[in-house]
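User: I should like to understand how the terms used for a structure follow from their definitions. Please take me through the one shown below.

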Amino acid sequence: MLNKPRPVFLNLFQIRLPMTAIASILHRVSGVFLFLAIPFFIYLLQLSLQSQAGFESVLSITRSVPLKLLSILLLWALMHHLFAGIRFLLLDIDIGISRSTARISAWLVSLTALLVSILLVGVCL
Amino acid sequence: MKGVTTGLNAWLLQRVSAIYLLLFIVTMPVLLAFLDVSSYLAWKNLMANPFMAVTWVLFFVSIISHAWVGIRDVVIDYVHSFKVRIIVLVILALWLVAMMIWVMQVLLMSQGGAV
């Protein structure tokens, strides 16, 4: 039974993913982005605590254009991971598990993450 | 493999760390906005405060545990060859241990406060 070849169809351009699946895959993608950001974050923390000059160079690094663009991406990643993560925690305790509610909440967390990121970029950068 | 690398323990670790990370990420920026972090001295002295030190150490413990369970799930989903999977997981585990040692060094070295 186990060795019987099954039909496999994995063309991602033809599979229409529901919003729940999109929110889920974005949660994973944003998680990988945040994983990659860990050493850069530690480096900036180290620099900022090392010396006066280090502190100032962190300020100038964070004001540079490429880093601003990168931090916009990371901010979105963090917000999506956070909001979609709260949704998963609620799903774990059986809140919002019906299909229609899950679809609405998938839209809700994805759009909220986008909106909050834009707001934070507007306020902080 | 036993412990945090399997089943319920990993699931639980993921959720517990998620809750701490959530609380930290929401409250720390607000806290920093109300405190003085405008100069090097103020920032360094703030981070030398035991309360800040403990919350930041717990933050990195949480983020690295959380990252481990997450990246492990990703690897298990996409790397099907058992041999390659183990090699990739060992590299990632060592990477995260290195991150942990590095950040603990950074946080503990700043405990003396600014002179």
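User: What makes residues count as part of the contact of chain B with chain A, and how many does each chain give?

Analyst: Two residues are in contact if their C-beta atoms, placed from the backbone, lie within 7 Å. In this predicted model, chain B gives 18 residues and chain A gives 17 residues. On the side of chain B that touches chain A, α3(B) contributes the most, with five residues. The residues of that side comprise 14 nonpolar, two polar and two charged; Ala, Val, Leu, Ile, Met, Phe, Trp, Tyr, Cys and Pro count as nonpolar, Asp, Glu, Lys and Arg as charged, and the others, Gly among them, as polar.

User: Why are α3(B) and α4(B) called roughly antiparallel?

Analyst: Helix α3 (residues 50-78) and helix α4 (residues 82-109) of chain B pack at an angle of about 170°, with axes 10 Å apart. Angles run from 0 to 180 degrees between N-to-C directions, and axes are lines fitted to C-alpha atoms, for helices over the stretch in contact. Angles over 145 degrees count as roughly antiparallel; α3(B) and α4(B) are therefore roughly antiparallel to each other.

User: Which residue classes make up the contact of α3(B) with α4(B)?

Analyst: This contact has 19 nonpolar, no polar and two charged residues. Trp56(B) and Phe60(B) are among the residues of α3(B) there, and Leu92(B) and Met99(B) are among those of α4(B).

User: How do you know how confident the predictor is about chain B?

Analyst: The pLDDT, the predictor's confidence in each residue from 0 to 100, averages 91 for chain B, and 91% of the residues score at least 70.

Key
Residues numbered from 1 in each chain as written. Chains lettered and ligands numbered in written order. Predicted model: local features only at pLDDT ≥ 70, side-chain atom pairs only at ≥ 80, totals over all residues. Helix = DSSP H or I, 4+ residues; strand = E, 2+ residues; numbered from the N terminus. Parallel < 35°, antiparallel > 145°, perpendicular 65-115°, else oblique.
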